[in-house]
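Biologist: Could you take me through one part of this model up close, starting with a single acidic residue and its surroundings? I would enjoy a connected account rather than a list.

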Amino acid sequence: MKDNRTLYEKNVQDRNLLHYLIGLIVRWKQNFKYARARRIARKRGATIGEGVIMPISLAKKVNKNVTIGNHVSIHSDNFSSFRYPIKIGNNVIIGSNVKFVMGSHNIDSPNWEHCRHNSGLTIEDYVWLAPDSVILPSCTTIAYGTVVGANAVIIKDTTKMAVLGGNPAKEIRKRQCVHSDLVVESLLGGDYYVYKQTRKIPFLKNSQKIQ
């Protein structure tokens, strides 16, 4: 018989009871921190979906211009401004120290005025921004499934399922699939509710997937 469970389901359901309970306690503690961050961000006017993991330092900065979808993991608070709209889709992963330069200056003007595309920045579903990558103001859309390599500098809009690297970043190849089976919030231990629910599903009940 073929076991069609995801790696996450196998990892949770096949643990012995002690191992499961230890994992539950660790996630329970983390849940307080991440739930507080979501509350703070929402109180400041941001639209925050389910299963969003973000630093409290970021939650204290956001405003009504920020919209974040479901099951998003953000491990950076390095946004230069929230003056313009920022929309982050579902199942997005933003690594540590990713830099978002949300505005610049007109170097060809004697007034050196601030400038930025009024549309702001949209990050579509299933994007992964690896640690230390940089998003410049000339980029307004990071397309569905894009992967931005570590230390890459994005200077323009990306295309769907592109894998990019370098400075300035160039497309290396196309991604074969997105991380649809990944519980994104588990990357930073924020999967308390999913962890419990996954454990509750009896293996025999789940056998509908097994052929």
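Modeller: Happily! Let us start with Asp157, which is partly exposed, because its relative accessible area is 37%. Please keep in mind that this is a predicted model. Asp157 sits in the loop between strand S14 (153-154) and strand S15 (162-165). Leaving aside neighbours within four places in sequence, Asp157 is in contact with Ser138, Cys139, Thr140 and Thr141. Two of these contacts involve backbone nitrogens: a polar atom of the Asp157 side chain lies 2.7 Å from the backbone nitrogen of Thr140, and the side chain also reaches the backbone nitrogen of Thr141 at 3.0 Å. Thr122 is 35 residues from Asp157 in sequence, with 9.7 Å between the two C-alpha atoms.

Another acidic residue makes a nice companion. Glu185 belongs to the loop between strand S16 (170-174) and helix H4 (192-200). Glu185 is buried yet has no salt bridge, and Arg38, the nearest side chain of opposite charge, is 7.4 Å away. The Glu185 side chain does make a polar contact with the side chain of His71, at 2.9 Å. Not counting residues up to four places away in sequence, Glu185 touches His71 along with Gly51, Ile53, Gly190, Asp191 and Val194.

From here we can turn to the nonpolar interior. The largest nonpolar core has 37 residues, and Met54, Ile68, Ile88, Ile94, Phe100, Ile123 and Leu129 are those with the most contacts inside it. Elements that each supply at least two residues of this core include helix H2 (17-43), helix H3 (56-59) and strand S15. Beyond four places in sequence, Ile123 touches Lys87, Ile88, Gly89, Val92, Ile94, Phe100, Leu129 and Ile142. A second, separate core of seven residues includes Tyr8, Val12, Val183 and Tyr192.

Aromatic rings round off the tour, with six aromatic pairs in the count. Phe79 and Phe82 form a stacked pair, because their ring centres are 5.3 Å apart and their planes are at 25°. Phe79 is buried at 8% relative accessible area, and Phe82 is buried at 10%. Ring pairs link both of them with Phe100 into a cluster. Tyr126 and Tyr144 make an edge-to-face pair, since their centres are 5.8 Å apart and their planes are at 70°. That pair links distant parts of the chain, 18 residues apart: Tyr126 is in the loop between S9 and strand S10 (128-129), and Tyr144 in the loop between strand S12 (141-142) and strand S13 (147-148). Tyr126 is buried at 15%, whereas Tyr144 is partly exposed at 28%.

Key
Residues are numbered from 1 along each chain as its sequence is written. This is a predicted model: local features need pLDDT of at least 70, side-chain atom pairs count only at pLDDT 80 or more; totals for chains, interfaces and linings use all residues. Side-chain values use heavy atoms; hydrogens and water are left out. Helices (H or I, at least four residues) and strands (E, at least two) are DSSP runs, numbered from the N terminus. Buried means under 20% relative accessible area, exposed over 50%, partly exposed in between (1.4 Å probe, protein chains only). Contact means heavy atoms within 4.5 Å. A polar contact is a pair of N or O atoms within 3.5 Å; within protein, one must be able to donate a hydrogen and the other to accept it, and residues adjacent in sequence count only if both atoms are side-chain atoms. Lys and Arg count as positive and Asp and Glu as negative; His and the chain ends are not counted. A salt bridge is a side-chain nitrogen of Lys or Arg within 4 Å of a carboxyl oxygen of Asp or Glu. A nonpolar core is a set of buried Ala, Val, Leu, Ile, Met, Phe, Trp, Tyr and Cys residues joined through side-chain atoms within 4.5 Å. Rings of Phe, Tyr and Trp (its six-membered ring) pair if their centres lie within 6.5 Å; planes under 30 degrees apart count as stacked, over 60 as edge-to-face and the rest as tilted.
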